[in-house]
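Please examine the structure shown below, following the chain from its interior outward. The paragraphs after it take up the nonpolar cores, a helix, a sheet and the salt bridges in turn.

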Amino acid sequence: MQRLALAGTRAIVDMSYARHFLDFQGSAIPSAMQKLVVTRLSPNFREAVTLRRDCPVPLPGDGDLLVRNRFVGVNASDINYSAGRYDPSVKTPFDAGFEGMGEVVALGLSASAAYTVGQAVAYMAPGSFAEYTVVPARVAIPVPALKPEYLTLLVSGTTAYLSLKALGGLSEGKTVLVTAAAGGTGQFAVQLAKKAKCHVIGTCSSAEKCAFLKSVGCDRPINYNAEHVGAVLRQEYPQGVDVVYESVGGAMFDLAVDALATRGRLMVIGFVSGYQTPTGLSPVKAGTLPAKLLKKSASIQGFFLNHYLPEFRGAMDHLLQMYAGGELVCEVDTGGLSAEGRFTNLESVFRAVDYMYMRKNTGKIVVELPPSVNSKL
(Lines give C-alpha, C1' and ligand atoms only; values in the text may rest on other atoms or scores of the structure.)
Protein backbone atom coordinates (compact mmCIF):
# COMPACT_ATOMS: atom_id res chain seq x y z
CA MET A 1 0.00 0.00 0.00
CA GLN A 2 1.50 3.37 -1.05
CA ARG A 3 0.82 6.20 1.37
CA LEU A 4 0.62 9.94 0.87
CA ALA A 5 0.83 12.98 3.12
CA LEU A 6 -2.12 15.13 2.15
CA ALA A 7 -1.81 18.86 1.95
CA GLY A 8 -3.72 20.70 4.62
CA THR A 9 -4.20 17.72 6.96
CA ARG A 10 -0.84 15.96 6.67
CA ALA A 11 -2.82 12.74 7.05
CA ILE A 12 -1.45 9.49 5.66
CA VAL A 13 -3.90 7.74 3.37
CA ASP A 14 -4.13 4.91 0.90
CA MET A 15 -3.02 6.22 -2.53
CA SER A 16 -6.05 4.63 -4.20
CA TYR A 17 -8.24 6.95 -2.10
CA ALA A 18 -6.46 10.19 -2.94
CA ARG A 19 -7.76 10.84 -6.41
CA HIS A 20 -9.12 14.22 -5.36
CA PHE A 21 -7.75 15.97 -2.27
CA LEU A 22 -7.14 19.40 -0.75
CA ASP A 23 -4.02 21.48 -1.09
CA PHE A 24 -2.46 23.37 1.80
CA GLN A 25 -4.58 26.48 1.18
CA GLY A 26 -7.77 24.45 1.38
CA SER A 27 -8.54 24.49 -2.36
CA ALA A 28 -9.04 21.32 -4.33
CA ILE A 29 -6.25 19.75 -6.33
CA PRO A 30 -8.09 18.80 -9.50
CA SER A 31 -8.11 15.35 -11.01
CA ALA A 32 -7.05 16.82 -14.39
CA MET A 33 -4.47 19.37 -15.47
CA GLN A 34 -2.74 20.91 -18.50
CA LYS A 35 0.75 20.04 -19.63
CA LEU A 36 3.01 20.26 -22.68
CA VAL A 37 3.84 16.94 -24.30
CA VAL A 38 6.35 16.15 -27.06
CA THR A 39 4.28 14.25 -29.61
CA ARG A 40 6.73 14.44 -32.52
CA LEU A 41 10.52 14.61 -32.48
CA SER A 42 11.53 17.91 -34.02
CA PRO A 43 13.75 20.93 -33.25
CA ASN A 44 10.73 23.07 -34.20
CA PHE A 45 9.11 23.43 -30.78
CA ARG A 46 5.68 24.31 -32.17
CA GLU A 47 5.68 21.24 -34.40
CA ALA A 48 7.06 18.94 -31.72
CA VAL A 49 4.95 19.91 -28.72
CA THR A 50 1.23 19.72 -27.99
CA LEU A 51 -0.69 21.39 -25.17
CA ARG A 52 -2.87 18.72 -23.60
CA ARG A 53 -5.66 20.07 -21.43
CA ASP A 54 -7.16 17.02 -19.76
CA CYS A 55 -4.29 15.00 -18.29
CA PRO A 56 -4.56 13.22 -14.93
CA VAL A 57 -2.78 14.97 -12.06
CA PRO A 58 0.00 12.55 -11.04
CA LEU A 59 0.31 11.20 -7.52
CA PRO A 60 3.69 11.25 -5.74
CA GLY A 61 5.37 8.03 -4.75
CA ASP A 62 6.84 7.37 -1.33
CA GLY A 63 9.98 9.48 -1.95
CA ASP A 64 8.34 12.11 -4.15
CA LEU A 65 6.83 15.58 -3.95
CA LEU A 66 3.82 16.80 -5.89
CA VAL A 67 4.69 20.37 -6.88
CA ARG A 68 2.17 22.88 -8.14
CA ASN A 69 4.33 24.87 -10.55
CA ARG A 70 4.32 28.63 -10.25
CA PHE A 71 7.29 29.44 -12.51
CA VAL A 72 8.98 27.39 -15.24
CA GLY A 73 12.25 28.15 -16.98
CA VAL A 74 12.70 28.30 -20.74
CA ASN A 75 16.07 27.17 -22.09
CA ALA A 76 17.63 27.14 -25.53
CA SER A 77 18.05 23.39 -25.12
CA ASP A 78 14.30 22.85 -24.82
CA ILE A 79 14.31 22.25 -28.57
CA ASN A 80 17.16 19.76 -28.27
CA TYR A 81 14.97 17.98 -25.74
CA SER A 82 11.95 18.07 -28.07
CA ALA A 83 14.13 16.74 -30.90
CA GLY A 84 15.22 13.76 -28.79
CA ARG A 85 18.89 14.70 -29.05
CA TYR A 86 19.78 13.90 -25.45
CA ASP A 87 18.45 10.35 -25.72
CA PRO A 88 18.29 8.96 -29.26
CA SER A 89 16.24 6.00 -28.02
CA VAL A 90 13.44 8.18 -26.63
CA LYS A 91 9.92 7.52 -27.93
CA THR A 92 7.06 9.97 -28.07
CA PRO A 93 4.99 11.02 -26.28
CA PHE A 94 6.99 12.40 -23.35
CA ASP A 95 6.62 15.45 -21.14
CA ALA A 96 8.40 18.71 -22.02
CA GLY A 97 10.36 21.14 -19.87
CA PHE A 98 13.02 20.40 -17.28
CA GLU A 99 13.16 23.16 -14.68
CA GLY A 100 10.48 24.64 -12.49
CA MET A 101 9.59 26.10 -9.15
CA GLY A 102 6.46 25.87 -7.05
CA GLU A 103 4.91 24.81 -3.78
CA VAL A 104 4.67 21.29 -2.42
CA VAL A 105 0.98 20.35 -2.27
CA ALA A 106 1.34 16.64 -1.45
CA LEU A 107 4.20 14.25 -0.74
CA GLY A 108 5.04 10.65 -0.04
CA LEU A 109 5.62 9.39 3.47
CA SER A 110 9.41 9.11 3.15
CA ALA A 111 9.63 12.52 1.50
CA SER A 112 7.75 14.05 4.42
CA ALA A 113 10.80 13.45 6.63
CA ALA A 114 12.62 16.30 4.85
CA TYR A 115 9.87 18.41 3.22
CA THR A 116 6.56 19.87 4.26
CA VAL A 117 3.35 20.75 2.48
CA GLY A 118 3.43 24.41 1.48
CA GLN A 119 7.21 24.52 1.12
CA ALA A 120 8.67 26.38 -1.85
CA VAL A 121 11.04 24.28 -3.96
CA ALA A 122 12.89 24.52 -7.24
CA TYR A 123 13.85 21.47 -9.27
CA MET A 124 15.56 20.26 -12.41
CA ALA A 125 13.54 17.26 -13.61
CA PRO A 126 11.57 16.25 -16.71
CA GLY A 127 7.99 17.41 -17.13
CA SER A 128 8.13 20.93 -15.73
CA PHE A 129 5.90 22.40 -18.45
CA ALA A 130 2.81 21.32 -16.53
CA GLU A 131 0.49 22.64 -13.86
CA TYR A 132 1.64 19.88 -11.48
CA THR A 133 4.85 17.83 -11.56
CA VAL A 134 5.97 14.88 -9.47
CA VAL A 135 9.52 15.60 -8.32
CA PRO A 136 11.80 13.13 -6.52
CA ALA A 137 12.53 14.70 -3.13
CA ARG A 138 16.26 14.00 -3.58
CA VAL A 139 16.49 16.46 -6.50
CA ALA A 140 14.35 19.25 -5.03
CA ILE A 141 16.05 22.42 -3.82
CA PRO A 142 14.34 24.39 -1.03
CA VAL A 143 14.09 28.10 -1.84
CA PRO A 144 13.17 30.95 0.49
CA ALA A 145 10.11 32.05 -1.51
CA LEU A 146 8.42 31.72 -4.88
CA LYS A 147 10.46 34.41 -6.65
CA PRO A 148 11.42 33.90 -10.29
CA GLU A 149 14.92 35.18 -9.52
CA TYR A 150 15.63 31.93 -7.69
CA LEU A 151 14.72 29.94 -10.80
CA THR A 152 17.36 31.78 -12.85
CA LEU A 153 20.02 30.15 -10.71
CA LEU A 154 18.87 26.57 -11.15
CA VAL A 155 20.24 25.76 -14.61
CA SER A 156 21.64 29.04 -15.93
CA GLY A 157 23.41 30.13 -12.76
CA THR A 158 24.85 26.74 -11.82
CA THR A 159 26.09 26.20 -15.38
CA ALA A 160 28.12 29.40 -15.22
CA TYR A 161 29.35 28.78 -11.68
CA LEU A 162 30.39 25.16 -12.10
CA SER A 163 31.93 25.53 -15.56
CA LEU A 164 34.02 28.55 -14.63
CA LYS A 165 35.10 26.89 -11.39
CA ALA A 166 36.04 23.58 -13.02
CA LEU A 167 37.40 24.75 -16.36
CA GLY A 168 37.90 28.51 -16.36
CA GLY A 169 41.04 28.89 -14.28
CA LEU A 170 40.01 32.45 -13.50
CA SER A 171 42.37 34.76 -11.67
CA GLU A 172 42.84 38.48 -11.25
CA GLY A 173 43.73 40.34 -14.43
CA LYS A 174 42.68 37.68 -16.94
CA THR A 175 40.58 38.66 -19.94
CA VAL A 176 37.31 36.78 -20.34
CA LEU A 177 35.02 36.80 -23.37
CA VAL A 178 31.38 35.82 -22.80
CA THR A 179 29.21 35.24 -25.86
CA ALA A 180 25.43 35.74 -25.61
CA ALA A 181 26.41 37.63 -22.48
CA ALA A 182 22.99 39.16 -21.79
CA GLY A 183 21.20 35.80 -21.91
CA GLY A 184 20.13 33.44 -19.18
CA THR A 185 23.53 31.96 -18.37
CA GLY A 186 25.73 34.67 -19.90
CA GLN A 187 24.61 37.21 -17.30
CA PHE A 188 26.04 34.97 -14.56
CA ALA A 189 29.29 34.27 -16.40
CA VAL A 190 29.87 38.01 -16.68
CA GLN A 191 29.22 38.64 -12.99
CA LEU A 192 31.22 35.67 -11.71
CA ALA A 193 34.19 36.60 -13.88
CA LYS A 194 34.04 40.13 -12.48
CA LYS A 195 33.95 38.71 -8.94
CA ALA A 196 37.23 36.97 -9.85
CA LYS A 197 38.64 40.41 -10.80
CA CYS A 198 38.84 39.65 -14.50
CA HIS A 199 38.39 42.02 -17.42
CA VAL A 200 35.14 40.96 -19.11
CA ILE A 201 34.05 41.36 -22.72
CA GLY A 202 30.46 40.43 -23.58
CA THR A 203 28.74 40.03 -26.94
CA CYS A 204 25.04 40.83 -27.39
CA SER A 205 22.53 41.95 -30.03
CA SER A 206 21.30 45.43 -29.04
CA ALA A 207 22.16 48.72 -27.39
CA GLU A 208 19.69 47.92 -24.61
CA LYS A 209 21.52 44.70 -23.85
CA CYS A 210 24.83 46.57 -23.85
CA ALA A 211 23.39 48.90 -21.21
CA PHE A 212 22.32 45.91 -19.12
CA LEU A 213 25.78 44.35 -19.41
CA LYS A 214 27.42 47.57 -18.24
CA SER A 215 25.05 47.62 -15.27
CA VAL A 216 26.32 44.20 -14.12
CA GLY A 217 29.96 45.12 -14.54
CA CYS A 218 30.88 44.11 -18.08
CA ASP A 219 33.94 46.11 -19.11
CA ARG A 220 33.45 45.96 -22.89
CA PRO A 221 30.01 45.08 -24.24
CA ILE A 222 29.96 44.47 -28.00
CA ASN A 223 26.70 44.82 -29.91
CA TYR A 224 27.45 42.55 -32.86
CA ASN A 225 24.73 44.27 -34.91
CA ALA A 226 26.64 47.55 -34.63
CA GLU A 227 30.28 46.41 -34.39
CA HIS A 228 32.21 43.52 -35.90
CA VAL A 229 33.23 41.28 -33.02
CA GLY A 230 36.38 40.01 -34.72
CA ALA A 231 37.57 43.52 -35.55
CA VAL A 232 36.99 44.76 -32.00
CA LEU A 233 38.90 41.83 -30.54
CA ARG A 234 41.83 42.23 -32.94
CA GLN A 235 42.10 45.99 -32.42
CA GLU A 236 41.42 46.28 -28.69
CA TYR A 237 42.81 42.94 -27.49
CA PRO A 238 45.80 42.18 -29.69
CA GLN A 239 47.27 39.82 -27.08
CA GLY A 240 44.08 37.75 -27.17
CA VAL A 241 41.62 36.63 -24.52
CA ASP A 242 42.46 34.13 -21.79
CA VAL A 243 39.06 32.50 -21.32
CA VAL A 244 35.99 32.22 -23.55
CA TYR A 245 32.54 31.25 -22.26
CA GLU A 246 31.00 30.24 -25.58
CA SER A 247 27.37 29.27 -26.14
CA VAL A 248 26.60 30.49 -29.66
CA GLY A 249 28.62 28.27 -32.01
CA GLY A 250 29.16 28.69 -35.75
CA ALA A 251 30.84 31.93 -36.83
CA MET A 252 31.00 33.20 -33.25
CA PHE A 253 32.90 30.09 -32.20
CA ASP A 254 35.37 30.65 -35.04
CA LEU A 255 35.91 34.28 -33.99
CA ALA A 256 36.45 33.17 -30.40
CA VAL A 257 39.05 30.56 -31.40
CA ASP A 258 40.93 33.16 -33.43
CA ALA A 259 40.87 35.53 -30.43
CA LEU A 260 42.40 33.09 -27.95
CA ALA A 261 45.60 34.17 -26.24
CA THR A 262 48.57 31.91 -25.76
CA ARG A 263 47.43 29.13 -23.40
CA GLY A 264 43.89 30.43 -23.72
CA ARG A 265 40.88 28.29 -22.84
CA LEU A 266 37.57 28.07 -24.66
CA MET A 267 34.63 26.45 -22.89
CA VAL A 268 31.82 25.16 -25.09
CA ILE A 269 28.62 25.70 -23.10
CA GLY A 270 26.41 25.26 -26.16
CA PHE A 271 25.96 26.21 -29.79
CA VAL A 272 22.53 27.77 -29.90
CA SER A 273 22.94 29.05 -33.46
CA GLY A 274 22.62 25.47 -34.69
CA TYR A 275 19.87 24.07 -32.48
CA GLN A 276 17.06 24.86 -34.94
CA THR A 277 18.78 23.01 -37.80
CA PRO A 278 18.07 19.35 -38.62
CA THR A 279 21.49 18.28 -37.26
CA GLY A 280 21.47 20.63 -34.29
CA LEU A 281 24.89 21.90 -35.33
CA SER A 282 26.24 25.05 -36.94
CA PRO A 283 29.30 24.73 -39.20
CA VAL A 284 32.70 25.69 -37.79
CA LYS A 285 36.17 25.80 -39.33
CA ALA A 286 37.20 22.48 -37.87
CA GLY A 287 39.84 21.73 -40.48
CA THR A 288 42.23 24.39 -39.19
CA LEU A 289 41.38 23.94 -35.51
CA PRO A 290 44.26 21.59 -34.53
CA ALA A 291 46.84 23.96 -35.99
CA LYS A 292 45.32 26.99 -34.29
CA LEU A 293 45.29 25.28 -30.90
CA LEU A 294 48.82 23.98 -31.29
CA LYS A 295 50.14 27.40 -32.33
CA LYS A 296 48.84 28.95 -29.09
CA SER A 297 49.00 25.95 -26.73
CA ALA A 298 45.29 26.69 -26.38
CA SER A 299 42.51 24.32 -25.36
CA ILE A 300 38.81 23.71 -25.89
CA GLN A 301 36.64 21.87 -23.38
CA GLY A 302 32.95 21.12 -23.29
CA PHE A 303 30.69 21.52 -20.28
CA PHE A 304 27.36 19.70 -19.78
CA LEU A 305 25.63 20.34 -16.46
CA ASN A 306 24.38 16.75 -16.08
CA HIS A 307 27.99 15.57 -15.74
CA TYR A 308 28.45 17.78 -12.65
CA LEU A 309 25.38 16.80 -10.64
CA PRO A 310 27.38 15.81 -7.51
CA GLU A 311 28.43 19.46 -7.23
CA PHE A 312 25.06 20.90 -8.25
CA ARG A 313 23.43 21.33 -4.84
CA GLY A 314 26.50 23.01 -3.36
CA ALA A 315 26.65 25.39 -6.32
CA MET A 316 22.98 26.26 -5.95
CA ASP A 317 23.37 26.90 -2.23
CA HIS A 318 26.35 29.18 -2.87
CA LEU A 319 24.49 31.18 -5.54
CA LEU A 320 21.43 31.55 -3.30
CA GLN A 321 23.69 32.99 -0.62
CA MET A 322 25.26 35.40 -3.11
CA TYR A 323 21.85 36.60 -4.24
CA ALA A 324 20.61 36.97 -0.65
CA GLY A 325 23.71 39.04 0.12
CA GLY A 326 23.14 41.37 -2.82
CA GLU A 327 26.22 40.09 -4.63
CA LEU A 328 24.41 38.80 -7.70
CA VAL A 329 21.87 40.23 -10.14
CA CYS A 330 19.35 37.65 -11.37
CA GLU A 331 17.76 39.26 -14.42
CA VAL A 332 14.37 37.77 -15.29
CA ASP A 333 12.59 38.27 -18.62
CA THR A 334 8.89 37.44 -18.41
CA GLY A 335 8.09 38.78 -21.86
CA GLY A 336 6.74 42.13 -20.77
CA LEU A 337 8.22 43.78 -23.87
CA SER A 338 7.00 41.10 -26.30
CA ALA A 339 4.27 41.94 -28.78
CA GLU A 340 1.63 39.82 -27.02
CA GLY A 341 2.70 40.65 -23.47
CA ARG A 342 3.93 38.65 -20.51
CA PHE A 343 4.35 34.89 -20.52
CA THR A 344 1.68 33.86 -18.03
CA ASN A 345 0.41 30.36 -18.88
CA LEU A 346 1.50 27.09 -20.46
CA GLU A 347 0.31 28.20 -23.88
CA SER A 348 2.74 31.12 -23.73
CA VAL A 349 5.71 28.71 -23.51
CA PHE A 350 5.50 28.49 -27.31
CA ARG A 351 5.84 32.28 -27.59
CA ALA A 352 8.64 32.27 -25.04
CA VAL A 353 10.69 29.80 -27.09
CA ASP A 354 10.14 31.89 -30.23
CA TYR A 355 11.12 35.03 -28.29
CA MET A 356 14.39 33.42 -27.24
CA TYR A 357 15.30 32.37 -30.75
CA MET A 358 14.53 35.86 -32.05
CA ARG A 359 17.22 37.03 -29.56
CA LYS A 360 14.79 39.30 -27.76
CA ASN A 361 15.42 38.28 -24.17
CA THR A 362 17.58 40.02 -21.62
CA GLY A 363 18.31 37.60 -18.81
CA LYS A 364 16.52 34.33 -18.10
CA ILE A 365 13.13 33.70 -19.71
CA VAL A 366 10.62 32.62 -17.08
CA VAL A 367 6.97 31.72 -17.63
CA GLU A 368 4.55 32.27 -14.77
CA LEU A 369 1.73 29.81 -14.18
CA PRO A 370 -0.87 31.72 -12.16
CA PRO A 371 -2.67 29.75 -9.46
CA SER A 372 -6.05 28.34 -10.39
CA VAL A 373 -9.19 30.30 -9.57
CA ASN A 374 -9.77 27.96 -6.62
CA SER A 375 -6.43 28.77 -5.01
CA LYS A 376 -5.99 31.48 -2.42
CA LEU A 377 -2.32 32.06 -3.28
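**From the core to the charged pairs**

In this predicted model, the largest nonpolar core comprises 79 residues, and Leu 36, Phe 45 and Phe 129 have the most contacts inside it. Helix H3 supplies the largest share of this core, ten residues. A second core, separate from it, has 21 residues, among them Val 229, Val 244, Val 248 and Phe 253. In soluble globular proteins, nonpolar side chains tend to be buried together.

Phe 45 offers a useful point of entry to the larger core. Beyond its neighbours within four places in sequence, Phe 45 is in contact with Leu 36 and Phe 129, and also with Asp 78, Ile 79 and Ser 82. Its contacts further include Val 349, Phe 350 and Val 353, and these three are buried residues of helix H10.

Helix H10 therefore merits attention next: it spans residues 348–357, and because nine of its ten residues are buried, it is largely enclosed by the rest of the structure. Besides the three already mentioned, the buried residues of H10 include Ser 348, Arg 351, Ala 352, Tyr 355, Met 356 and Tyr 357. What do the buried residues of H10 pack against? Their partners are strands E5 (32–38), E6 (49–56), E19 (332–333) and E20 (364–368), together with helices H1 (45–48) and H2 (78–82). Just after H10, Arg 359 adopts a positive phi of about 60°.

Asp 354 of H10 is partly exposed, with a relative accessible area of 29%. Arg 46 and Asp 354 form a salt bridge in which the closest N and O atoms are 2.7 Å apart. Since Arg 46 belongs to helix H1 and Asp 354 to helix H10, the pair ties together parts that are 308 residues apart in sequence. Arg 46 is likewise partly exposed, at 44% relative accessibility.

This is one of 13 salt bridges in the structure. Another joins the side chains of Arg 53 and Glu 347, with an N to O distance of 3.4 Å. Arg 53 lies in strand E6 and Glu 347 in the loop between E19 and H10, so this pair connects parts that are 294 residues apart in sequence. Glu 347 is partly exposed, with a relative accessible area of 46%. A further salt bridge is formed by the side chains of Arg 342 and Glu 368, at 3.2 Å from N to O. Here Arg 342 is in the loop between E19 and H10 and Glu 368 is in strand E20, 26 residues apart. Elsewhere, Arg 68, Arg 70 and Glu 103 are joined into one network by salt bridges that share partners.

The sheet can be considered next. Six strands form an open sheet in the order E15-E14-E13-E16-E17-E18, and their pairing is parallel. Strand E15 (220–223) and strand E18 (299–302) stand at the edges with a single partner strand each, so one side of each has no neighbour in the sheet. From one strand to the next, the twist averages 15°. Within this sheet, strands E13 (residues 175–178) and E14 (residues 199–204) run parallel and are joined by four bridges; Thr 175 has His 199 of E14 as its bridge partner.

Helices also lie on the sheet. Helix H3 (residues 148–168) lies across E16 (241–246), E17 (260–268) and E18, at about 145° to E17. Helix H8 (residues 289–296) packs on the sheet as well, touching E17 and E18, and its direction makes about 130° with that of E17.

How values were computed
Residues numbered from 1 in each chain as written. Predicted model: local features only at pLDDT ≥ 70, side-chain atom pairs only at ≥ 80, totals over all residues. Heavy atoms only, no water. Buried < 20%, exposed > 50% of the residue type's maximum accessible area, 1.4 Å probe, protein only. Helix = DSSP H or I, 4+ residues; strand = E, 2+ residues; numbered from the N terminus. Contact = heavy atoms within 4.5 Å. Pairing = 2+ DSSP bridges. Axes fitted to C-alpha atoms, helices over the stretch in contact; angles between N-to-C directions. Salt bridge = Lys/Arg side-chain N within 4 Å of Asp/Glu carboxyl O. Core = buried A, V, L, I, M, F, W, Y, C linked by side-chain atoms within 4.5 Å.
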